[in-house]
Amino acid sequence: MSSSTTPAALARFNTSDDGTARSVLHEVCASRAWGSKVLAQRPYATTDALFAASDAAMAELTAQDLAEAMAGHPPIGRPKPGDPTSNREQSGMAGASDELKAEMLELNLAYQEKFGHVFLICASGRTGEQMRDALRNRIDNSPEQEREIVRVELGKINRIRLTRIAETAEGDAA
């Protein structure tokens, strides 16, 4: 979304106090470094400007910052109980067969053992089979390759979540 006027929800984010804005950003991405960088560039005239700041902050994250960001994400197939964002983002697994869910659990555990963190993918719009296939393909990556793939996937997730902040009024169903 690019326009000459700031969306009302984005304007509210821009003018909220730092503590509130930091809390909102933490819901987008658990990396404190990312949140601080995005917070420091307020106000944002457009959603595109917010995306650009997010992308730039994501590109600068260290391996430790990425680990902190990943810690905020539940494993695929096991969304956080009672978390509508987690459930919405992983809806492709909702109708998965017990066999697929069991396979995802097994693959997730193998991935976690190899890389030391959850398998992270932008799950929005993906089927359970697509996520399984991506996990199968990525498990053979080197830790360095996987860290950069995770950086890209986190960036996609952040954009989806930032869109909700920038375009959805508080209290609306997000």
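How many residues does α9 have, and how far does α9 reach from its first C-alpha to its last? Here are some notes to go with the structure above, beginning with that helix.

1. **The helix α9.** This is a predicted model, and in it α9 has 25 residues and spans 36 Å from first C-alpha to last, close to the 36 Å expected at 1.5 Å a residue. If you would like to see which of its side chains to look at, the buried residues of α9 include V150, L154, I157, L162 and I165. Charged and polar residues are on that buried list too, among them E146, R151, E153, N158 and R161.

2. **Overall layout.** The chain has nine helices and zero strands, so its pattern along the sequence is simply α-α-α-α-α-α-α-α-α. Of its 174 residues, 42% count as buried. Among contacts with a separation of 6 or more, 70% are between residues 24 or more positions apart.

3. **How far to trust it.** The average pLDDT of the chain is 86, and 84% of the residues score at least 70. Helix α3 has the highest confidence, with a mean of 97, while helix α6 (residues 84-89) has the lowest, with a mean of 64. Please also look at residues 169-174: pLDDT stays under 50 there, and the model has seven contacts for this stretch beyond four places in sequence.

4. **The nonpolar core.** The largest nonpolar core holds 42 residues, and F13, W34, L50, I76, L154 and L162 have the most contacts inside it. Elements giving two or more residues to this core include α1 (8-15), α2 (18-28), α7 (98-115) and α8 (128-138). The largest share, six residues, is from α9.

5. **F13 as a way in.** F13 is a handy residue to click on. Leaving aside neighbours within four places in sequence, F13 is in contact with A21, V24, L25, R42, Y44, L50 and I165. Two of these partners come up elsewhere in this note: I165 is among the buried residues of α9, and L50 is one of the core residues with the most contacts.

6. **α3 against α4.** These two helices pack at an angle of about 145°, and their axes are 9 Å apart. The residues in contact are W34, K37 and V38 on the α3 side and L50, A53, S54, A57 and M58 on the α4 side. The crossing of α3 past α4 is right-handed.

7. **The loop between them.** P43 sits in the loop between α3 and α4. The peptide bond joining R42 and P43 is cis, with omega about 5°. R42 is also one of the contacts of F13.

8. **T6 and T46.** T6 lies in the segment before α1. Its relative accessibility is 31%, so T6 counts as partly exposed. Although T6 and T46 are 40 residues apart along the chain, their C-alpha atoms are separated by 5.5 Å. Beyond four places in sequence, T6 is in contact with A11, N14, Y44 and A45.

9. **R132: buried or exposed?** This arginine is in helix α8. R132 is buried because its relative accessible area of 15% is under the 20% cut-off. Not counting residues up to four places away in sequence, R132 touches L100, E103, M104 and L107.

Key:
Residues are numbered from 1 along each chain as its sequence is written. This is a predicted model: local features need pLDDT of at least 70, side-chain atom pairs count only at pLDDT 80 or more; totals for chains, interfaces and linings use all residues. Side-chain values use heavy atoms; hydrogens and water are left out. A nonpolar core is a set of buried Ala, Val, Leu, Ile, Met, Phe, Trp, Tyr and Cys residues joined through side-chain atoms within 4.5 Å. Buried means under 20% relative accessible area, exposed over 50%, partly exposed in between (1.4 Å probe, protein chains only). Helices (H or I, at least four residues) and strands (E, at least two) are DSSP runs, numbered from the N terminus. Contact means heavy atoms within 4.5 Å. pLDDT is the predictor's confidence in each residue, from 0 to 100. The expected span of a helix is 1.5 Å times one less than its number of residues. Axes are lines fitted to C-alpha atoms, for helices over the stretch in contact, and angles run from 0 to 180 degrees between N-to-C directions. A crossing is left-handed if the near helix is turned anticlockwise from the far one by less than a right angle, and right-handed if clockwise.
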